[in-house]
Amino acid sequence: GAGRNFTVGVVVGMIRAVLVINNHGKPRLTKYYEYLPEEKQQALIRDCFNLVTRRSENVCNFVDGSTALGPDTKVIYRNYATLYFVFCV
């Protein structure tokens, strides 16, 4: 069959970082899917922790927020026991 031509472009909505943070703000697991210098990694952890811990348990777990990754970052999180599971897209 004939080959297909695919256009390579920016994919919107890709996971940029996965964080697991305890109730005290200490990261237990971090995974970054794009290069971030150490200072930006620490800023992202701090920003995400502050963003999710201020929210009530009765609100949506999807947040449009400005983080160290930029103003268009979306944060999806879930609190389970003493951990926050955070996805930055």
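How many aromatic pairs does this structure contain? In this predicted model, the count comes to one aromatic pair. Its members are Phe49 and Tyr84, which meet edge-to-face, with 6.5 Å from centre to centre and 85° between the planes. The pair links distant parts of the chain, since Phe49 belongs to helix 1 (residues 38-53) and Tyr84 to strand 5 (residues 83-88), 35 residues apart.

Both partners can be classed by their accessibility. Buried means under 20% relative accessible area; Phe49 has 15% and is therefore buried. Tyr84 likewise counts as buried because its relative accessibility is 13%.

A further residue leads back to this pair. Asn22 is placed in strand 1 (residues 17-22). Beyond its neighbours within four places in sequence, Asn22 is in contact with Arg28, Phe49, Thr82, Leu83 and Tyr84. Both members of the aromatic pair are thus found in the contact list of Asn22. With a relative accessibility of 9%, Asn22 counts as buried. The side chain of Asn22 also has a polar atom that lies 3.0 Å from the backbone nitrogen of His24.

The helix that carries Phe49 deserves a closer reading. Helix 1 comprises 16 residues and spans 23 Å from its first C-alpha to its last, which is close to the 22 Å expected at 1.5 Å a residue. Its buried residues are Gln41, Ala43, Leu44, Ile45, Cys48, Phe49 and Val52. An α-helix has 3.6 residues a turn, so residues three or four places apart point the same way. The cover over the buried residues of helix 1 includes strand 1, strand 2 (27-32), strand 4 (74-80) and strand 5.

From the helix the account passes to the nonpolar interior. In soluble globular proteins, nonpolar side chains tend to be buried together. Here the largest nonpolar core has 19 residues, and those with the most contacts inside it are Leu19, Tyr32, Leu44, Cys48, Val75, Val86 and Cys88. At least two residues of this core come from each of strand 1, helix 1, strand 4 and strand 5. Helix 1 provides the largest share, six residues.

Val86 offers one view of how this core is joined. Leaving out residues up to four places away in sequence, Val86 touches Ala17, Val18, Leu19, Ile21, Cys48, Val75, Ile76 and Tyr77. Among these partners of Val86 are Leu19, Cys48 and Val75, which are themselves listed with the residues that have the most contacts inside the core.

Note on methods: Residues are numbered from 1 along each chain as its sequence is written. This is a predicted model: local features need pLDDT of at least 70, side-chain atom pairs count only at pLDDT 80 or more; totals for chains, interfaces and linings use all residues. Side-chain values use heavy atoms; hydrogens and water are left out. Helices (H or I, at least four residues) and strands (E, at least two) are DSSP runs, numbered from the N terminus. Buried means under 20% relative accessible area, exposed over 50%, partly exposed in between (1.4 Å probe, protein chains only). A polar contact is a pair of N or O atoms within 3.5 Å; within protein, one must be able to donate a hydrogen and the other to accept it, and residues adjacent in sequence count only if both atoms are side-chain atoms. Contact means heavy atoms within 4.5 Å. Rings of Phe, Tyr and Trp (its six-membered ring) pair if their centres lie within 6.5 Å; planes under 30 degrees apart count as stacked, over 60 as edge-to-face and the rest as tilted. The expected span of a helix is 1.5 Å times one less than its number of residues. A nonpolar core is a set of buried Ala, Val, Leu, Ile, Met, Phe, Trp, Tyr and Cys residues joined through side-chain atoms within 4.5 Å.
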